[in-house]
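Here are a few notes to read alongside the model. I hope they help you find your way around.

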Amino acid sequence: MLGTIVKRLGQMLFVMFGISVLVFLIFFATPGADPAARIAGRNASPETLAAVRKDFGFDRPLPVQYALMMERLFITQDLTSFVNRGWKVVPAVLDVAPVTLSLVVGAAILWVVGGVAIGLVAAATRGSVLDRTLMMLGLIGVSMPVYWLGEVMNLITQSRFHGTWLFSWVPPLGYKPLTSDPAGWFLTLVIPWVTLATLYMGLYGRVLRANLVEAGQEDYIRTARAKGLSETRILVRHALRTSLITIVTLFGLDFGALVGGAALLTEVVFGLQGIGKLTYDALRSLDLPVIMATVMYASFFVVIANAAVDLLYVVLDPRIRKA
Amino acid sequence: MLQVRGLKVSFRSEHGLVCAVDDVSFDVGEREILGVVGESGSGKTISLLSVMGLINDPNAVIEGSIVYKGRELLGLPQRELRHVRGKEIAMIFQDPMTALTPVYTIGWQIAEQVLTHNAVSKRAARARAVELLSAVGIPNPEVSVDRYPHQLSGGMRQRAVIAMALSCNPSLLIADEPTTALDVTVQAQILELIQKLRRDFGSAVVLITHDMGVVAEVADRVQVMYAGRIVERAAKRDIFKGPRHPYTWGLLDSIPPLDGPRPHRLKSIAGMPPSLLDLPTGCAFGPRCRYSFDKCGERPGLAGSGGHDSACFLSPDARAAAWAGRLLDGKAVS
């Protein structure tokens, strides 16, 4: 077990190294992406360009540039932005990380609980009106773009119905830190959580239902029925348990991507200065140190989430334990 | 103990009502081993799944009467049927590789059934699991109880499935082709185990199979099914000594003889079983039967004497002649 974990950690480091090299090369070695030209601005004289190059170290060999950037990113942690000089990158990422984490973790709890509940109820009442209604609602949830749903939610809760008792509790857009204002933190995030979770809830509910229905055809479900178990027990202990692998796989991918910045649209709509927004702004100004830092942060979460999924597989399915 | 009368199972389909089991009646007595024989699609599994109430296809229509120990099972609500299933009547299935939930240990799965039907502690349920595993001949039951299905061989898994079926001392065990998926050597062990069950636990057994050899090994009485109907039933000795239905002859011919000259090739029954959508109006076996005549256009009823019934219009003399002629045929081929 310990060996597996150590091996897994080694793989994670290797993947992150690969990602950092790739990102570095894309921004430094791709023709037309000369960072010096971006920093110096349009119509810069060749002298200015050369000065900028020397100033930022772009005149040194690529491997040296890469090594220097990694050293300043991970070891001294004093890497500064190319665009806003003196703005330290690592604290910037660490500052916005809690915003995205709060948003995604809360939404994830909602969508996993909701999705599993929808899937279970729909599978248990297969073919009924309830089943069809749930599946249709799920489809609607999957189909609504998150930025549109977010704007509609804002329209309803911030303006049209804000005066009514229903939504008067909704605070203005923005983020309140959990440590200084827990109640505010919770209230500001309720609407973003619901918005982000809607899409995934529908998706997970539909996927789980399909899996449960498929599991219902399995021989071991017939055995369970022949044993005289109750339908609820068969559904939860036998069918759900074997269908969880799919849900866990999906969750690992979705969670990692969202924490890594894929929640950008939700962040923008609700005025949350999260990692997605930071990455987006950095990309627009080609601020390489910030891009590097956010990409490394994102890859860290994707890799961590996948490692956690692999460990969960082992817990869920004894057949994997041997390997 | 179990009386099935006029059981008819049909499924609504795009092409109309498909009748999978048609007017099937049979009894199972205490401590009796009844062999139900027939090829795939003959309705043997469906008729016994309906005894367990395990047909949950919304398009299935089940008619007739299934009385177990004086209690009508058909139409019983699922909640009450659950107390019969697993406790009074247990079932084991064909493929032990897929019959167990892959994510739980066999001990857990046996204990689950014990706990469902008995008010005992978890510790007692586990002890019972160990006891059952040792009764069905699994080595090191204390260790095996914590094994997952994938860690066991096919024969061991089938033993575990049988142990689970026995966990609540059922009076009736329905075994649906319990040896089909197993190696021949393991088959013999499992059959021996089934016989031991009756000795040690006093259970009656319904053994569904397509293998006449298996029937010859363990059954007391045999019932042959074809296209959803019973075509012949008798004590085992009678079926093997003087089978009356041409379909039974065909089944018996498909077993290689142990002595005498070796046939050039085994005889097979010509043709295919009829589609259940388009059954002949008369005898369902008629189109494949070498001995069919005008009267076979009508549907034969089960008739006979001394507990040996068959659904065939051949007169006793014609039958004797045909049976004898068949033996000559066999010799001629070799």
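**Notes on the core, a helix pair and the interface**

1. Let's start inside: the largest nonpolar core has 151 residues, and those that touch the most other members are B:Ile174, B:Val206 and B:Leu207. Helix H5(A) gives this core its largest share, 14 residues. Please keep in mind that this is a predicted model.

2. B:Leu207 is a good place to zoom in. Apart from neighbours within four places in sequence, B:Leu207 is in contact with B:Ile33, B:Leu34, B:Gly35 and B:Val36, and also with B:Ala175, B:Ile194, B:Val218 and B:Ala219.

3. Back to H5 of chain A, which spans residues 89-124 and packs against H13 of the same chain, residues 288-316. Their axes lie 9 Å apart, at an angle of about 45°, which means that H5(A) is oblique to H13(A). The crossing of H5(A) and H13(A) is right-handed.

4. Which residues make the contact? H5(A) brings A:Val89, A:Val90, A:Ala92, A:Val93 and A:Ala97, while H13(A) brings A:Pro289, A:Val290, A:Ala293, A:Thr294 and A:Tyr297. By class, nine residues in this contact of H5(A) with H13(A) are nonpolar, one is polar and none is charged.

5. Now to where the chains meet: 23 residues of chain B are in contact with 20 residues of chain A. On the chain B side, helix H2 (78-84), strand S6 (89-92) and helix H3 (106-117) each supply at least two residues. H3(B) provides the largest share, three residues. By class, the side of chain B that touches chain A has eleven nonpolar, eight polar and four charged residues.

Conventions:
Residues are numbered from 1 along each chain as its sequence is written. Chains are lettered from A and ligands numbered from 1 in the order in which they are written. This is a predicted model: local features need pLDDT of at least 70, side-chain atom pairs count only at pLDDT 80 or more; totals for chains, interfaces and linings use all residues. Axes are lines fitted to C-alpha atoms, for helices over the stretch in contact, and angles run from 0 to 180 degrees between N-to-C directions. Helices (H or I, at least four residues) and strands (E, at least two) are DSSP runs, numbered from the N terminus. Angles under 35 degrees count as roughly parallel, over 145 as roughly antiparallel, 65 to 115 as roughly perpendicular and the rest as oblique. A crossing is left-handed if the near helix is turned anticlockwise from the far one by less than a right angle, and right-handed if clockwise. Two residues are in contact if their C-beta atoms, placed from the backbone, lie within 7 Å. Ala, Val, Leu, Ile, Met, Phe, Trp, Tyr, Cys and Pro count as nonpolar, Asp, Glu, Lys and Arg as charged, and the others, Gly among them, as polar. A nonpolar core is a set of buried Ala, Val, Leu, Ile, Met, Phe, Trp, Tyr and Cys residues joined through C-beta atoms within 7 Å. A residue is buried if 20 or more other C-beta atoms lie within 10 Å of its own, exposed if 12 or fewer, and partly exposed in between; C-beta atoms are placed from the backbone.
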